[in-house]
Amino acid sequence: MAFDGVTIRALVRQLDKELKGAYIRKIAQPEASELLLTLKGSTGTKRLFMSASATLPLIYLTEENKPAPMTAPNFCMLLRKHIGSGRITDITQPGNERVIRIDVEHRNELGDPAAKRLYIEIMGKHSNIVFTDENDLILDGIKHISFTTSSVREILPGRTYFIPSQEGKTNPYETSREEFISSITGAHMKLAGAISKSYTGISKTTAQEAAFRAGLDGDASTDSLAEEDIPHLWDSFFELIHEVDNDAASSCIIYDDKNNPVEFAPYRLTMYGDMTVAEIPSISQTLSTYYSNKNRAQNIHQKSTDLRKLVSTLLERAEKKLALQQRQMADTAKMDTLKTYGTLLQVYPHEAAPGAKEVTLTDFETNEPVKIPLDPDKNSIDNATAYFERYARLKRTKEALNVQLANTSSSVEHLASIQNALSIAENEADLAEIRRELYESGYIRKRQNKKGSRQEKSRPLHYLTGDGFHIYVGKNNFQNDELTFKLATGNDWWFHAKKIPGSHVIVRTEGRQLPDEVFETCARIAGYYSSGRMSDKLEIDYIQKKEVKKPSGAVPGYVIYYTNYSMTVPPTLPEDLQLID
């Protein structure tokens with residue numbers, strides 16, 4: 001969801017409550033389009049981060065203190081000069097625009113009271129941070145916009161600041177039922193589009209949610225609406241946009257089946273019934289969590305591109321090699337027939353007439369007739385010798401293929417498990433362990449770490465159930481081995497998706513009896529962290545750890561077991577799980 005006017009409204013309410021009256025203690029500009037204000041007020045020290053990045057504009061409270069350059073940029077120096085010790089007097093939102101205005105009271109060079117304003121515009125590629133005096137005369141902007149860049153307005157020192165009007169749009173907080181009904185019924189377009197295009201600061205997500213709460217399809221045409229649908233839609237829309245004014249209201253983040261954040265809202269989204277909804281008390285915390293998770297997921301996806309491509313290529317080659325070897329093995333199935341042909345021709349050498357192309361002989365073991373093709377240029381003994389030679393070649397081929405098939409099958413399973421590990425990697429430490437496994441397995445060359453660099457240690461996932469049971473999940477094969485053969489004790493329980501790549505899941509019993517719901521929880525986790533997580537149901541094997549063995553010389557993560565229980569569960573994470581850092 002983009003930063004729409006409803007999100008800004010919720011954020012302004014929180015910022016005004018927490019930052020009003022706070023003093024600015026520090027101003028930093030970590031990046032060209034970023035500001036970080038450190039503030040001290042009645043609620044303690046707070047950090048307000050804002051970015052006018054064209055690709056990711058945002059503003060929220062954060063605990064992170066981003067490093068600033070040794071030499072501050074001019075915009076940062078100007079802010080320090082004017083409002084470096086200023087006090088925030090007000091935080092507002094003009095209309096329902098995607099703009100936040102921060103009013104600051106300070107002392108000028110003569111020691112007299114003065115006022116300045118900071119406008120944070122969250123408008124996609126047009127985002128900006130503009131510094132003005134109390135009369136909206138622009139003192140500077142974090143981005144300079146000249147007339148050659150925009151014919152609508154200039155963001156340059158000396159110009160007057162204003163927010164461009166959005167023609168045909170109305171502030172949704174100032175509209176009436178009658179105006180709403182009129183604008184929607186006369187739109188002649190998709191319902192969600194009609195709402196977002198009629199009102200300032202209303203995103204498609206908010207419009208779709210309002211339609212969903214009214215029991216309508218946001219992608220349906222406004223012309224298809226029944227007369228009684230519009231009043232219901234107005235009620236849902238009005239209630240939704242005012243939901244953020246309720247102090248008890250909570251924001252939320254929607255996560256997909258891979259635990260990646262896909263959407264956020266300053267209210268509870270109800271239209272994502274099949275996804276995980278995480279409710280969060282404040283919009284600022286929601287934004288901080290959403291964007292940090294989003295950035296981490298995107299960064300890890302980008303940084304793992306080379307590994308994913310490599311493993312995919314290696315796996316494809318191994319699968320092709322396995323298919324070829326399986327076809328070659330199928331060809332060896334006729335070797336016993338060739339041996340029988342040779343033996344019968346040796347036993348009955350005079351039954352085949354000279355120059356014959358075939359002969360039918362009785363198999364003395366089965367007493368059945370056997371038709372044997374012959375080379376007419378050879379006698380019976382020479383034909384028998386040729387069959388024995390072909391039999392010997394196929395026998396040698398089968399013996400070699402038995403070894404090759406085992407090795408290739410092991411490689412396919414190993415690479416598939418690495419591919420699954422890449423799909424659940426969360427940080428660079430996870431990728432480093434996967435890269436080390438590829439090196440130790442001979443798939444890649446060792447990459448030298450930069451001198452003096454310290455690598456963060458990758459750790460398994462650790463969950464805690466409501467009953468107090470600790471569950472551990474290996475994110476790669478090294479962690480799988482560590483959990484199963486170092487962390488787990490004999491009576492702990494081990495879970496794994498049946499016959500597909502996946503994580504080893506260990507639940508510590510600590511001498512207690514596991515409730516049935518904990519068995520199911522562990523099984524669902526094992527399914528979720530496997531290559532079958534997109535399935536509706538998965539069969540999960542589970543067994544006490546003491547029954548799990550690792551063959552000598554086996555690749556990381558490979559185990560064997562002979563007696564086990566199994567259950568079929570949906571591969572989803574239970575909502576009551578607590579993730580332990």
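Buried means under 20% relative accessible area, exposed over 50%, and partly exposed in between (1.4 Å probe, protein chains only). This is a predicted model, where local features need pLDDT of at least 70, side-chain atom pairs count only at pLDDT 80 or more, and totals for chains, interfaces and linings use all residues. Residues are numbered from 1 along each chain as its sequence is written, and side-chain values use heavy atoms, without hydrogens and water.

**Exercise 1.** Locate Glu575 and decide: buried or exposed?

Solution.
- Find the loop between β20 (565–569) and β21 (578–580); Glu575 sits there.
- Its relative accessible area is 75%, so Glu575 is exposed.
- Look at its surroundings: Glu575 belongs to a surface patch of negative charge with Asp467, Asp516, Glu517, Glu520 and Asp576.

**Exercise 2.** Place Lys197 and classify its exposure.

Solution.
- Go to helix α4 (residues 191–198), which holds Lys197.
- Lys197 counts as exposed because its relative accessibility is 53%.
- Lys197 gathers with Arg98, Lys169, Lys190 and Lys204 in a patch of positive charge on the surface.

**Exercise 3.** Which residues does Ala52 touch, leaving out those up to four places away in sequence?

Solution.
- Start in the loop between β3 (44–51) and β4 (58–62), the place of Ala52.
- The relative accessible area of Ala52 is 0%, so Ala52 is buried.
- Contact means heavy atoms within 4.5 Å.
- Ala52 touches Ser33, Ser127, Asn128, Ile129, Ile142 and Lys143.
- Now check Glu34: Ala52 and Glu34 lie 18 residues apart in sequence, with their C-alpha atoms 6.3 Å apart in space.

Methods
Patches are made of residues with over 30% relative accessible area and no salt bridge: like charges are joined within 9 Å, nonpolar side chains (Val, Leu, Ile, Met, Phe, Trp, Tyr) within 5 Å. Accessible areas come from the Shrake-Rupley method with a 1.4 Å probe; for residues, only the protein chains shown count as cover. A salt bridge is a side-chain nitrogen of Lys or Arg within 4 Å of a carboxyl oxygen of Asp or Glu. Lys and Arg count as positive and Asp and Glu as negative; His and the chain ends are not counted. The place of a charge is taken as NZ of Lys, CZ of Arg, CG of Asp or CD of Glu. Helices (H or I, at least four residues) and strands (E, at least two) are DSSP runs, numbered from the N terminus.
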